[in-house]
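Colleague: Could you take me through one part of this model in detail? I would like to hear how a pair of packed helices is arranged.

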Amino acid sequence: MGKKLKDKDNNIRRNRKRNKKKRKARKFLLFILLILIIVVSWFTYKTYKNGGGLSGFLATAVGHDENTKKNLPELKVLLLGVSTDLDSELTDTVMVASYNPNTQKARLLSIPRDTFTGKDKSKATASQKLNALYNINRTPDKTLKAVNEITGLDIKYYVIVKTEALIKLVDAIGGVEFNVPINMYYTDKTQNLVINLKQGVQTINGEKAEQLLRFRHNNDGSSYPVEYGDNDFGRMRTQREFITATLKQTLKASNIFKLGEIIDIVHQNLETNLDVAYLKDYLPYAVEFKIENLQNEVLPVTTPSLKETNNVSVVIVNKQEANKLIKEMFFSDLEEDNTNQNTITNSSNSQNTNITNNSSSTNTQNTSTSNNSSSNSSNTQSANTNKSIKVEILNGSGNSKSLDKAKKLLEDSGYSVTKTGNTSTISKTIITNKKDVSDESLNQIKQKLGTGSISNNKSSTSLVDITIIIGKDFDK
């Protein structure tokens with residue numbers, strides 16, 4: 001009898017212990033569930049604040065907030081496709097590419113590889129062609145400088161794509177479906193190059209991509225039809241259209257999770273001065289990009305006779321048409337914003353002018369304040385002079401408040417700040433004369449800012465007279 005009671009007591013104690021453990025387990029699970037609900041709620045809220053959808057999800061995942069995209073400047077890069085020809089490396093592909101995450105617009109501007117970069121076409125040499133500049137010292141510096149002089153775009157970044165990188169990039173996204181415009185057959189033993197592609201829609205892998213993008217004409221001399229664009233112009237069109245198709249394929253949902261692999265290929269196989277960490281900031285927003293927002297163009301050129309160019313086959317930039325195209329492609333969005341901004345500025349300046357005129361009229365009636373009247377007249381004249389100077393301010397200080405402060409300083413002095421934006425962080429403030437601004441005005445701006453080194457980089461296509469890049473030294 002006593003044994004039964006003892007066993008019963010033991011069972012009760014064991015049950016109590018089990019129940020106690022269950023209660024503790026339930027409390028722990030409830031605590032974990034509560035934490036998960038808080039984390040998911042926070043992440044969902046941040047995703048919503050970042051625009052929602054896949055883009056908002058990715059932006060939140062990499063630590064962005066709702067202001068990150070607003071502060072991202074338009075990204076412009078020089079794309080160079082380099083082919084190896086025994087001991088030489090020529091740039092068969094020269095393009096300017098840009099992407100604006102806020103407007104979701106992108107541009108591709110092809111520049112003919114035979115573009116003349118010298119000063120005197122009557123003394124032209126093959127080494128003065130745009131595609132030969134990279135081969136001179138195996139760096140993109142001279143090509144980048146030449147393209148900036150041709151376009152006036154002040155491009156800072158370059159990406160050099162060599163054959164091996166191209167093959168890996170296209171293969172990484174599973175190939176690209178593309179309509180090959182004509183039958184292509186060309187062989188060149190000196191380059192170890194064999195091009196053999198049939199006309200029509202097909203999946204282009206990495207190896208075929210190299211053939212497609214390097215093709216200019218067949219062994220028999222035939223090339224693209226005139227209406228498509230003969231020889232180099234046909235090749236540039238094919239290059240732009242293939243890049244468009246590649247972007248479309250890359251941005252497919254099935255490839256989103258390959259972005260890490262693609263970035264690794266870029267890091268390992270491309271030569272660039274673009275920081276991969278900087279590039280990653282753009283990726284969450286690039287998934288929203290729609291291919292119809294990509295503008296493809298080729299730089300307008302003329303083809304002079306061989307007699308005019310020292311018997312060297314080159315093309316010459318049509319400056320008038322080129323400036324018009326570049327303005328339309330890369331500055332049209334800014335001009336629309338600036339028009340609205342200038343309307344407000346002009347209205348404010350008009351009111352200030354009326355106040356100044358009234359003040360001047362009152363002062364002329366009072367002989368005891370004639371000196372002040374003269375001073376006000378001088379200040380008004382100076383303000384009007386400053387107003388005609390268009391200023392662009394780019395924030396490279398790393399401090400978001402510096403841009404507003406610099407803008408206010410200059411606008412209070414009468415300058416017309418028509419463009420603002422962000423750029424890579426720099427230590428020293430730079431004041432660049434883009435037109436024919438007097439040294440006096442440049443020094444006045446330096447004095448107002450309290451810092452800055454003055455330089456000259458005149459450009460016929462610039463929409464501003466002065467570009468100021470605010471550095472870390474601005475607030476010191």
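Modeller: Happy to, and here is a walk through one helix pair, with a second pair beside it. This is a predicted model, in which local features need pLDDT of at least 70, side-chain atom pairs count only at pLDDT 80 or more, and totals for chains, interfaces and linings use all residues. Residues are numbered from 1 along each chain as its sequence is written, and side-chain values use heavy atoms, with hydrogens and water left out.

Two packed helices are described by the angle between their axes and the distance between the axes. Helices here are DSSP runs (H or I, at least four residues), numbered from the N terminus; axes are lines fitted to C-alpha atoms over the stretch in contact, with angles from 0 to 180 degrees between N-to-C directions.

Helix α5 (residues 163-172) packs against helix α6 (residues 206-214) at about 125°, the axes lying 7 Å apart. That angle makes α5 oblique to α6, oblique being what remains once angles under 35 degrees (roughly parallel), over 145 (roughly antiparallel) and 65 to 115 (roughly perpendicular) are set aside. In contact (heavy atoms within 4.5 Å), Thr-163, Leu-166, Ile-167, Val-170 and Asp-171 of α5 meet Gly-206, Glu-207, Ala-209, Glu-210 and Leu-213 of α6. By class, this contact holds five nonpolar, two polar and three charged residues.

For the second pair, helix α15 (residues 400-412) and helix α16 (residues 439-449) pack at about 130°, with axes 10 Å apart. Here too, the angle makes α15 oblique to α16. Ala-406, Leu-409 and Leu-410 of α15 make the contact with Ile-445, Lys-448 and Leu-449 of α16. These residues divide into five nonpolar, no polar and one charged.

Key: Helix = DSSP H or I, 4+ residues; strand = E, 2+ residues; numbered from the N terminus. Nonpolar A, V, L, I, M, F, W, Y, C, P; charged D, E, K, R; others polar.
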